[in-house]
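Student: Hi! Could you walk me through this structure?
Tutor: Happy to. Here it is.

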Amino acid sequence: MSHKAESLTLSEDECWRLKRIVESKLVPARVQLRARLLLGAAEGLSNHELASRFSVSRPTVMKWRRHYGEHGLDGLLLPRAPSERRSF
């Protein structure tokens, strides 16, 4: 059974901050992607649509929606946890 994720509600300030992150040349691409995912979720795009649009997996979209819910916008800037880092 599939269920549509709820639209994300962002304040004007949060939208403004996310748009600034997306437009910045100083912000890492992975953080810009996270901001784009949240802005798209706030527009009402489904997890499937966001995953397709930004070439990521649905679990990745769901992770950042959940992460935002737990940590707010500051959570976008958190580095990867040690278990997520790749060793070469």
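Student: How many residues does the largest nonpolar core have?
Tutor: The largest nonpolar core has 18 residues; such a core is a set of buried Ala, Val, Leu, Ile, Met, Phe, Trp, Tyr and Cys residues joined through side-chain atoms within 4.5 Å. Buried means under 20% relative accessible area, exposed over 50%, partly exposed in between (1.4 Å probe, protein chains only). This is a predicted model: local features need pLDDT of at least 70, side-chain atom pairs count only at pLDDT 80 or more, and totals for chains, interfaces and linings use all residues. Residues are numbered from 1 along each chain as its sequence is written, and side-chain values use heavy atoms, leaving out hydrogens and water.

Student: Which elements give two or more residues to this core?
Tutor: They are α1 (12–23), α2 (29–42), α3 (47–54) and α4 (58–71), with helices being DSSP runs (H or I, at least four residues) numbered from the N terminus. Helix α2 gives the most, six residues.

Student: And what does Leu38 touch?
Tutor: Its contacts (heavy atoms within 4.5 Å) include Leu18, Trp64 and Tyr68, not counting residues up to four places away in sequence.

Student: Switching to α3, which residues are buried there?
Tutor: Asn47, Leu50 and Ala51 are buried. They sit on the same side of α3 because they cover an arc of only 100° around the axis, taken from the directions from the helix axis to the C-beta atoms.

Student: What's on the face turned away?
Tutor: There α3 carries the exposed residues His48, Ser52 and Arg53.

Student: Where does Ser55 lie?
Tutor: In the loop between α3 and α4. Ser55 has a positive phi of about 55° although it is not a glycine.
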